[in-house]
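Trainee: Could you walk me through how the inside of this protein is put together? I would like to start with one residue and work outwards.

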Amino acid sequence: MISLLYSGNAKVFKGLLISLVSVAKNTCEALDVHILTMDLSDINADFSPINEEQRDFTEKIIKKQNEQSRITLHDLTNIFKGEMMNSPNMKNFYTPYAFLRLFADEADIGGRVIYLDTDTVARQDISPLFAMELDGAEFAGARDYLGKIFIRPDYINSGVLLLDIDKIKETGLFRKARRFCAEKRSAFPDQDAINHYAQKKRFFPSRFNEQHKMKKDTIIRHFSKTLRLFPYVHTVNVKPWDINGLHKKHKTYEFDDLICRCLAYIDEFENTITR
């Protein structure tokens with residue numbers, strides 16, 4: 001069984017479904033999925049949590065690939081508010097849900113788990129990543145496509161991580177990272193924090209977190225915000241559920257069937273809720 005971790009609010013449901021279905025489609029292993037969420041609708045109407053109806057609907061879909069797969073929802077509203085509400089990073093390019101991965105040690109999760117952002121799509125079986133030897137490291141990740149150039153060569157992207165939750169609890173990595181995010185303004189708070197406080201980390205090849213463009217050996221394509229230099233300097237931030245954007249900006253077509261199927265699932269879910 002492969003353990004997976006996601007975090008977010010109800011607005012990432014499309015991305016969550018696409019990412020999960022893509023993982024399930026490409027492996028024969030059962031998936032033990034953990035989703036961290038919280039309710040911050042009192043500060044922003046868009047910040048409503050992923051709910052049980054969405055969890056149940058998504059679980060039924062991935063069970064079509066393997067009946068043993070399961071999804072557990074973790075509501076971390078209270079603990080998040082207790083630690084982060086006065087953070088200078090609460091208002092930046094990213095929503096507060098970007099910090100939720102740093103609370104994984106406070107959820108009922110143990111052992112190793114693959115964390116995935118909801119803008120990731122699996123192209124091949126991810127089980128080799130789950131089986132990677134950590135050699136006592138707290139986590140493993142791929143170098144950030146831009147950060148390795150502009151920040152430092154060993155700067156890891158936090159969109160795909162292999163985490164040893166037990167080791168993280170032992171070293172207090174996430175506790176230290178949360179305190180950093182709660183007290184210091186930073187461009188990429190959660191990512192900066194884990195890179196700064198990691199006692200030991202390992203690196204895996206970019207094929208497990210391809211942030212720039214598809215390659216022959218790509219296993220996980222991460223549609224993160226990136227920088228293009230030509231024909232002029234500009235950023236590209238196209239997400240997997242935007243098929244036209246994938247075609248136009250990334251020249252990516254191979255996920256079309258998967259994405260269309262998932263968008264049809266979303267329509268089915270919304271129609272069910274409406275009825």
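**From one leucine to the core**

Mentor: This is a predicted model, and a good place to begin is leucine 5, which, leaving aside its neighbours within four places in sequence, is in contact with His34, Leu36, Ala104, Ile109, Val113, Ile114, Tyr115, Leu116 and Leu163.

Trainee: OK, and which residues touch the most other members of the largest nonpolar core?

Mentor: That core has 34 residues, and those touching the most other members are Leu5, Leu36, Phe80, Leu100, Phe139, Leu163 and Phe174. Two or more residues each come from helix H3 (77–84), strand S4 (112–116), strand S7 (156–164), helix H6 (165–171), helix H7 (173–183) and helix H8 (189–197).

Trainee: Which of those gives the most to this core?

Mentor: H7 does, with six residues. There is also a second, separate core of 30 residues, which includes Leu16, Ile50, Ala140 and Phe208.

Trainee: Switching topic, how do H7 and H8 pack?

Mentor: Their axes lie 9 Å apart, at an angle of about 130°. An angle of that size falls neither over 145 degrees, which would be roughly antiparallel, nor within 65 to 115, which would be roughly perpendicular, so H7 and H8 count as oblique to each other. H7 passes H8 in a right-handed crossing.

Trainee: And which residues meet there?

Mentor: From H7 they are Leu173, Phe174, Lys176, Ala177, Phe180 and Cys181, and these meet Pro189, Asp190, Asp192, Ala193, Ile194 and Tyr197 in H8. Sorted by type, the residues of this contact are nine nonpolar, no polar and three charged.

Conventions: Residues are numbered from 1 along each chain as its sequence is written. This is a predicted model: local features need pLDDT of at least 70, side-chain atom pairs count only at pLDDT 80 or more; totals for chains, interfaces and linings use all residues. Side-chain values use heavy atoms; hydrogens and water are left out. A nonpolar core is a set of buried Ala, Val, Leu, Ile, Met, Phe, Trp, Tyr and Cys residues joined through side-chain atoms within 4.5 Å. Buried means under 20% relative accessible area, exposed over 50%, partly exposed in between (1.4 Å probe, protein chains only). Helices (H or I, at least four residues) and strands (E, at least two) are DSSP runs, numbered from the N terminus. Contact means heavy atoms within 4.5 Å. Axes are lines fitted to C-alpha atoms, for helices over the stretch in contact, and angles run from 0 to 180 degrees between N-to-C directions. Angles under 35 degrees count as roughly parallel, over 145 as roughly antiparallel, 65 to 115 as roughly perpendicular and the rest as oblique. A crossing is left-handed if the near helix is turned anticlockwise from the far one by less than a right angle, and right-handed if clockwise. Ala, Val, Leu, Ile, Met, Phe, Trp, Tyr, Cys and Pro count as nonpolar, Asp, Glu, Lys and Arg as charged, and the others, Gly among them, as polar.
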